Amino acid sequence: MEVKPGYKQTEAGIIPEDWHAERLADIGRFSKGLGIKKDESLSGTIPCIRYGEIYTHHNYIIKRFNSFISSDVAKTSQKLNIGDILFAGSGETKEEIGKAVAFTQQVEAYAGGDIVILTPKSTNSTYLGYALNSPSVIRQKASKGQGDAVVHITPHSLGEVVLPIPSQSEQSAIAMALSDMDALLESLNSLIAKKRAIKQATMQQLLSGKTRLPGHKGKWHTKQLGELSEIRSGGTPSTNDKRAWSGEIPWCTPTDITALNGKKYLSQTSRSITKHGLRTSSAELIPKKSIIMTTRATIGECAINLVPMATNQGFKNIIPSNQIDTEFLYYLISIHKQKLTCLASGSTFLEIGKKQLRQITLFIPSSKEEQADIANTIGDMDSEIEALNRHIENKTFIKQAMMQELLTGRTRLI
């Protein structure tokens with residue numbers, strides 16, 4: 001590969017000529033955390049990090065703690081120094097092994113077992129928190145992981161990882177730019193959490209009739225779901241019948257619902273069946289603008305299908321009558337998940353049947369116009385949350401691009 005002027009080829013890749021490539025073993029000193037048992041992780045008030053939390057609760061920089069130990073447990077645990085880098089020493093895959101986070105807070109805190117600790121001599125710890133999770137470094141760590149069912153990485157192996165190191169001032173500039181972007185993403189996520197909480201409270205008020213929208217004074221009444229809709233089942237064609245698959249009818253599985261990540265509408269599925277598959281199985285064609293709902297294992301996850309489709313047997317599908325607004329019913333069902341789960345039964349997995357669904361009682365406005373207005377009000381909140389989610393996705397993409405540019409020196413801040 002041709003190296004452009006001002007850059008050089010190193011073990012860490014192509015980097016600016018005034019940067020240098022350095023092994024982690026030369027950057028600082030390695031040590032290991034000491035075992036903090038699960039039942040000890042909520043035994044007191046002193047912050048600690050357990051290795052699994054590096055995967056589940058922390059990204060780049062440790063900002064808050066989830067576990068706290070007693071002073072007695074602390075006596076036999078590994079105390080952290082400000083600026084330490086913590087690596088997950090065990091994991092499920094080589095791709096995730098050695099995930100790193102920087103400890104930069106001025107608090108007393110401890111590291112549990114299966115954590116490898118790097119105490120840097122002088123390198124900016126926040127810079128390391130980002131650089132040690134860059135794609136080129138992840139590839140190096142993955143190549144050094146040992147094991148199959150459980151993957152491990154040792155301090156010695158981590159010490160051989162090579163990192164691009166700019167000057168102290170450029171490290172600080174890169175760390176600040178990426179930290180600022182993280183702060184923006186954190187504030188957006190916090191805003192979404194608030195919007196979701198407001199939406200949930202609004203749903204509880206509007207869908208129960210406790211709060212009425214302006215212009216609506218009509219009575220509400222109780223109806224069974226079977227009076228308001230037709231309920232159809234799902235089914236799976238024989239997997240040995242090639243004529244049943246890859247046809248013109250979208251065929252929904254719970255995975256398709258999960259992939260929506262809370263979005264309301266479903267217009268395409270990962271698999272499809274033919275008319276022959278529909279005829280030769282217990283699957284039923286569901287008209288568009290119905291509510292498809294999981295009723296086996298996971299209960300009450302819903303979507304509104306924008307095109308006619310079939311589902312597998314893990315669904316009961318609700319075709320609303322002209323008495324009920326589809327979107328109003330979608331939101332009404334979504335606040336009754338607990339009731340649905342309580343009605344489910346089964347020894348291998350929980351399931352709810354047609355008869356039980358038909359008998360569920362719902363409190364609804366007599367006026368379909370009021371139903372639609374309630375659904376539109378909640379829908380506006382959904383739209384606002386979706387717009388914020390798209391904004392976060394865009395900013396996350398920009399941040400990843402920033403990391404790629406800044407941590408390789410392709411874009412310089414100084």
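Let's start inside, with a small enclosed space: the lining of the largest cavity is made up of 8 nonpolar residues, 1 polar residue and no charged ones. The residues in question are L225, M293, I318, I333, H336, L340, L357, I360 and L362. What volume does the largest cavity have? It comes to about 40 Å³. The model you are looking at is a predicted one, and within it the count is 1 cavity of 30 Å³ or more.

From here it is worth stepping out to the sheet. Five strands, in the order 17-24-21-22-19, make up an open sheet with mixed pairing. Strand 17 (229–233) and strand 19 (265–266) are at the edges with a single partner strand each, so one side of each has no neighbour in the sheet. If you follow strand 17 to its partner, you will find that strand 17 and strand 24 (residues 315–320) run antiparallel and are joined by 5 bridges. One residue to pick out here is E230, whose bridge partner in strand 24 is I319.

Now bring helix 11 into view. Helix 11 lies across strand 19, strand 21 (291–296), strand 22 and strand 24. Relative to strand 22, helix 11 runs at about 165°.

Helix 11 also leads us to an open space, the largest pocket, as helix 11 (326–334) is among the elements that give two or more residues to its lining. The volume of this largest pocket is about 750 Å³. Which residues come closest to its centre? Of the 29 that line the largest pocket, they are K199, N261, G262, K263 and Y330. Besides helix 11, the elements giving two or more residues to the lining are helix 7 (168–206), helix 9 (254–259), strand 22 (298–305) and helix 14 (368–406). Helix 14 makes the greatest contribution, with 6 residues. As for chemical class, the lining of the largest pocket holds 10 nonpolar, 9 polar and 10 charged residues. The cavity we began with, by contrast, has no charged residues in its lining.

Let's finish our walk at helix 5, which covers residues 135–144. Which residues of helix 5 are buried? They are V137, Q140, K141 and A142. A general point helps when viewing such a set: an α-helix has 3.6 residues a turn, so residues three or four places apart point the same way. The packing partners of the buried residues of helix 5 are strand 11 (100–102), helix 4 (125–131), helix 6 (155–159) and strand 15 (162–165).

Technical notes: Residues numbered from 1 in each chain as written. Predicted model: local features only at pLDDT ≥ 70, side-chain atom pairs only at ≥ 80, totals over all residues. Heavy atoms only, no water. Buried < 20%, exposed > 50% of the residue type's maximum accessible area, 1.4 Å probe, protein only. Helix = DSSP H or I, 4+ residues; strand = E, 2+ residues; numbered from the N terminus. Contact = heavy atoms within 4.5 Å. 1 Å grid on protein atoms, 1.4 Å probe; cavity = no way out; pocket = protein on both sides within 12 Å on 5 of 7 lines; lining within 4 Å. Points joined across faces, edges and corners; volume = space filled by probe spheres on them. Nonpolar A, V, L, I, M, F, W, Y, C, P; charged D, E, K, R; others polar. Pairing = 2+ DSSP bridges. Axes fitted to C-alpha atoms, helices over the stretch in contact; angles between N-to-C directions.
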